[in-house]
Number of protein chains: 2
Amino acid sequence: MADAAEAIIEREGVDALSMRRLARELDSSTMALYRHVRDRDDLLVLLLDRLAADLPRPPRLPREPRKRLLALFKVLYEGLDQSPWVVQVLVRGDLMAPSVLWLIEEILAAFVAAGLSVEQAADAYLTAWRFTVGELIVSHSTARQSAELDRHPFQLELLAAVESGELPMLAALTDYWPKARQRKSYQARLAKVLDGLLTDA
Amino acid sequence: MADAAEAIIEREGVDALSMRRLARELDSSTMALYRHVRDRDDLLVLLLDRLAADLPRPPRLPREPRKRLLALFKVLYEGLDQSPWVVQVLVRGDLMAPSVLWLIEEILAAFVAAGLSVEQAADAYLTAWRFTVGELIVSHSTARQSAELDRHPFQLELLAAVESGELPMLAALTDYWPKARQRKSYQARLAKVLDGLLTDA
DNA sequence: ACCTGAACACCGTTCAAGT
DNA sequence: ACCTGAACACCGTTCAAGT
């Protein structure tokens with residue numbers, strides 16, 4: 001079941017995955033699916049878990065805590081970034097499957113190795129995770145917008161039309177802005193966030 | 001129209017807002033709505049713009065750049081946090097309405113006042129904004145989960161069941177974890193992020 | 001125990017037809 | 001020009017009935 005569901009999503013996006021459609025694909029009745037999942041949301045969470053289970057465990061990691069954290073979050077970000085639909089699922093529930101516990105453990109340990117207390121490490125993890133979620137959300141929504149170019153390149157129009165009088169900063173950034181938001185520099189931005197989190201360690 | 005739409009959302013959530021439903025509420029035909037908006041997504045973006053327009057412009061702000069940034073992001077976060085549905089809309093498009101330009105301008109100016117170049121300020125804004133989006137997403141999804149308590153307190157169960165053998169950090173945090181994720185400390189976490197962003201200023 | 005089909009109560013959007 | 005209603009092609013989920 002999950003394989004078929006994944007195939008539909010991969011080909012046509014999350015919105016195309018419906019109980020009826022999935023059942024058709026499987027030549028089963030729609031209601032038979034409800035033996036395996038509570039409802040559609042449950043199905044989506046199941047798929048997220050599978051994706052999380054496939055996150056590659058890097059064979060060896062940098063020993064230096066900061067570099068180690070960068071590498072670990074890279075696994076998380078890149079694994080989730082590949083499948084645009086995760087974003088829609090993340091909105092309705094946290095990522096917390098048995099299969100990612102090792103990663104969280106590693107991240108916490110690295111924060112502690114960097115000098116934080118266990119509680120500080122937990123807070124730091126939450127902060128960096130939330131930042132990562134934001135990155136995923138925003139990068140996918142801008143990707144989606146460039147895809148449907150007929151619709152709203154509105155935002156960039158808006159910024160381009162800014163008068164330098166009242167909004168000098170935005171006016172100065174008219175050229176830089178589109179570049180900055182397109183650029184995929186999760187890694188670089190995360191580094192800055194980590195700087196803050198490790199500051200008074 | 002927008003008022004009626006907002007009322008529906010406020011009372012029954014975004015999912016309850018449909019074109020047909022809104023038309024019924026307005027005693028108009030469903031299709032008449034399509035004179036005002038391109039489609040349902042367009043309607044949602046329109047509502048987000050209105051909410052953004054209502055963000056209060058604080059009469060006076062701290063002069064010190066770091067404190068100023070905290071105050072400005074507070075406006076943003078709290079304004080958006082009040083209406084749980086914004087999250088679903090943010091996923092399908094950035095927040096970039098004419099009515100928030102003043103805020104972005106102020107934030108950029110504050111970063112520059114803190115010693116960043118204009119381009120660095122743009123990057124810093126993007127980082128802090130993405131972090132803020134992540135905070136909004138995660139805090140609402142955990143709120144939603146506590147609401148439907150019958151479903152998945154799964155995640156906490158999962159963590160509580162952790163064996164101290166393989167996952168010592170997670171085991172040590174069993175008690176702290178639920179507290180940490182419930183606690184609404186956007187402000188404190190943002191402060192850490194800003195530390196990182198302002199570091200080599 | 002497990003599965004089914006019909007039914008309920010909805011959707012967004014197109015488009016020809018009316019005023 | 002503006003609005004309408006019917007129609008198309010869907011949804012998730014309940015529940016009584018079948019094997």
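In this predicted model, the surface near DNA strand D draws its largest share, three residues, from helix H2 (residues 19-26) of chain A. There are 14 residues around the strand, and those that come nearest are Ser18(A), Asp39(A), Ser29(B), Met31(B) and Ala32(B). By class, this surface divides into five nonpolar, four polar and five charged residues.

The loop that follows H2 offers a useful local view. Tyr34(A) sits in this loop, between H2 and helix H3 (40-53) of chain A. Is Tyr34(A) buried or exposed? With 15 other C-beta atoms within 10 Å, Tyr34(A) is partly exposed, because a residue counts as buried at 20 or more such atoms and as exposed at 12 or fewer. Tyr34(A) and Met19(A) are separated by 15 residues in sequence, and their C-alpha atoms lie 8.9 Å apart in space.

Turning to the chain as a whole, chain A contains 11 helices and zero strands, so its elements, read from the N terminus, are written α-α-α-α-α-α-α-α-α-α-α. Of the 201 residues in chain A, 31% are buried. Among contacts in chain A between residues at least 6 apart in sequence, 60% join residues at least 24 apart.

The contact between the two protein chains takes 54 residues from chain A and 54 residues from chain B. On the side of chain A that touches chain B, at least two residues each are supplied by helix H5 (86-90), helix H6 (101-113), helix H7 (118-147), helix H8 (154-160), helix H9 (168-172), helix H10 (176-182) and helix H11 (186-198). The largest share of this side, 18 residues, comes from H7(A). Sorted by class, the side of chain A that touches chain B has 30 nonpolar, 12 polar and 12 charged residues.

In chain B, helix H4 (residues 65-81) lends itself to a simple geometric check. At 1.5 Å a residue, its 17 residues should span 24 Å, and the end C-alpha atoms are indeed 24 Å apart, so expectation and model agree. The buried residues of H4(B) are Arg68(B), Leu69(B), Leu72(B), Phe73(B), Leu76(B) and Leu80(B). Where do these buried residues lie around the axis of H4(B)? They cover an arc of only 120°, which means that they are on the same side of the helix.

Conventions. Residues numbered from 1 in each chain as written. Chains lettered and ligands numbered in written order. Predicted model: local features only at pLDDT ≥ 70, side-chain atom pairs only at ≥ 80, totals over all residues. Contact = placed C-beta atoms within 7 Å. Helix = DSSP H or I, 4+ residues; strand = E, 2+ residues; numbered from the N terminus. Nonpolar A, V, L, I, M, F, W, Y, C, P; charged D, E, K, R; others polar. Near = placed C-beta within 6 Å. Expected span 1.5 Å × (residues − 1). Arc of directions from axis to C-beta.
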